Amino acid sequence: ATLSADRLVVDSALARVGGMLLESRGALARDTLKVDTLLVSVRADSLGAVREQMRRLAEMMQAVDTSMAASLRTVASDTLAGDASFSGYLYGSLRKADATAALGARALQVGAIHVGRVFGSARATDVLRRPSFEGTASADEVTGVGAVRIQSATFRVANANPDSGALVLDVSTDQDAHLVVRGAYAAREGATTVRMDSLRLAYDSVTWRSVQPALIASDSLGMRVAPIELRSTAGGVLAVSADVPRAGAVQGELRVERFPFGEVSALLAGTEPVAGTVTGRGTLAGVRAAPLISWEVVADSVGLDGYRLPPITSTGSYADKRLVAQATMRDTLGGRMQISGQLPVDLTIATVEKRLLSDAVQGRVDVDTLRLEGLPVTIDGVTRLRGLLNGALVLGGTFERPTASGSLSLEGAGARVSDLGIEPSDGRLVLRANADSLVL
């Protein structure tokens, strides 16, 4: 390469660094009245080889920048595989150059995330002084993001510069769900703001849409989430707001109405589809080091495979590194069943060594004259359900080896089973628990 009074000339530059092949050739003029082209390309046939070199680079960077060295070690310690390539052109002069770039990758794996293909392109103007750019990146056959199997995902940025730009995210899944988010970003004087102008999520016969533009802002003082509210064509509502400063009181609220938790869990986490909706609210208060959380929600018509439960009310709170929760089901005649428990957990709003402080189970099941005929329980093919349930169980042990003690009794049990044409009555069942054994 030579730098003369007229131009920078690269006849041919070729280098191998950490499993990557770097190549450059071409020229850039000094004078803005002249136009030249400089080609730059990077290719990695095996990102696994790049990963090995990243460990070495982390050791070299340790004395210079510990934060960057830690980031390199984190990436290098995870799975990294596939092949990738990048090529770009600079055209113009050293004073004013524009650029185009293209990116491609196949069989890419980063940690648990696997991507079949990645391809993208970008165009920028005046990249050496006042850059502005636009670009598109797409990926298909993406797995490892929860249980979601992404068929295709496209990300676009337009009218952009280092300070601001417009954004579009378009994602389709193998389950025929479709998400489109449109918005913009701004980054000035250490503050970053992302504005969501619109959101649309469609799956099955349901569509969720944002009610109004929402803002997420982060700066040296903390993070703020201006009200985000989504409404569905089935009457559901999801609303979130939060203000989490680095110092001082934090506050937040989550509000749901007829929210189909089972559908969303099946879509995002791959769980079995569960019918039912939840309505209620949760709040956040306190400070980052000692947050206070509380909630009260009602789950309605929860069930699967032909079974539906009556409304269940859940309340709970978190304080002093202890989560306490209870769920209550009542019949129309004054009886009730209540399940309660507590868990030692660290929900500090910061990075902690471990969240779950103990695997010990602490809980109770209390049933007081719960009459089955007074419950709006729905079971396909079963009618005239009746019986009186009483008793209590104390839960203990650990998550891997739970234990229970106590007993539950069902007196005067009966029901009509249409498919069999029978109606047994006056049944009696007793469940006795002793440590890790159950006797019915």
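**Note on strand pairing and salt bridges in a predicted model**

1. G341 stands opposite G363 in strand 24. This is a predicted model, and the pairing just named belongs to a larger arrangement in which strand 23 (residues 336–344) and strand 24 (residues 362–371) run antiparallel and are joined by seven bridges.

2. On the other side of the numbering, strand 23 is also joined to strand 22, again in an antiparallel sense, and here there are nine bridges. Strand 22 and strand 23 form a hairpin with five residues between the strands, and within this hairpin G334 takes a positive phi near 105°.

3. T328 deserves a paragraph of its own. This residue is found in strand 22, which spans residues 322–330, and its bridge partner in strand 23 is Q338. The two residues also meet through their side chains, since a polar contact of 3.1 Å is found between the side chain of T328 and the side chain of Q338. Leaving aside residues up to four places away in sequence, T328 touches P311, I312, T313, M337 and Q338. Is T328 buried or exposed? With a relative accessible area of 9%, T328 is buried, because the cut-off for that class is under 20%.

4. Turning to charged side chains, the count comes to 21 salt bridges. As general background, side chains of opposite charge can pair when their charged atoms come close. One of the pairs here is formed by E23 and R25, whose side chains meet in a salt bridge at 3.1 Å, N to O. E23 is partly exposed, at a relative accessible area of 28%, and R25 likewise counts as partly exposed, with 40% relative accessibility.

5. Another salt bridge, at 3.5 Å from N to O, brings together the side chains of D83 and R106. D83 lies in strand 5 (residues 80–92) and R106 in strand 6 (residues 97–110), so this pair ties together parts that are 23 residues apart in sequence. As to accessibility, D83 counts as partly exposed at 21%, whereas R106, at 53%, counts as exposed. The value for D83 should be read with the class limit in mind, because buried means under 20% and D83 stands at 21%.

6. The side chains of D174 and R149 likewise meet in a salt bridge, at 3.4 Å from N to O. This pair links distant parts of the chain, 25 residues apart, with D174 in the loop between strand 10 (164–173) and strand 11 (178–188), and R149 in strand 9 (residues 148–161). D174 is partly exposed, with a relative accessible area of 39%, and R149 also counts as partly exposed, at 44%. Beyond such pairs, salt bridges that share partners join E229, R231, R255 and E257 into one network.

7. Finally, the chain as a whole. It has three helices and 29 strands. Its radius of gyration is 30 Å, well over the 22 Å that the globule rule gives for 440 residues, so the chain is more spread out than a compact globule. Taken along the principal axes, the C-alpha atoms fill a box of roughly 105 × 45 × 45 Å. Buried residues make up 30% of the 440 residues, and of the contacts with a separation of 6 or more, 40% are between residues 24 or more positions apart. The accessible surface of the chain comes to about 25,500 Å², and carbon and sulfur atoms account for 57% of that surface.

Note on methods:
Residues numbered from 1 in each chain as written. Predicted model: local features only at pLDDT ≥ 70, side-chain atom pairs only at ≥ 80, totals over all residues. Heavy atoms only, no water. Helix = DSSP H or I, 4+ residues; strand = E, 2+ residues; numbered from the N terminus. Buried < 20%, exposed > 50% of the residue type's maximum accessible area, 1.4 Å probe, protein only. Polar contact = N/O pair within 3.5 Å; in protein donor to acceptor, adjacent residues only side chain to side chain. Contact = heavy atoms within 4.5 Å. Pairing = 2+ DSSP bridges. Salt bridge = Lys/Arg side-chain N within 4 Å of Asp/Glu carboxyl O. Rg over C-alpha atoms; globule rule 2.2 N^0.38 Å. Areas by Shrake-Rupley, 256 points an atom, 1.4 Å probe, with all protein chains shown as cover.
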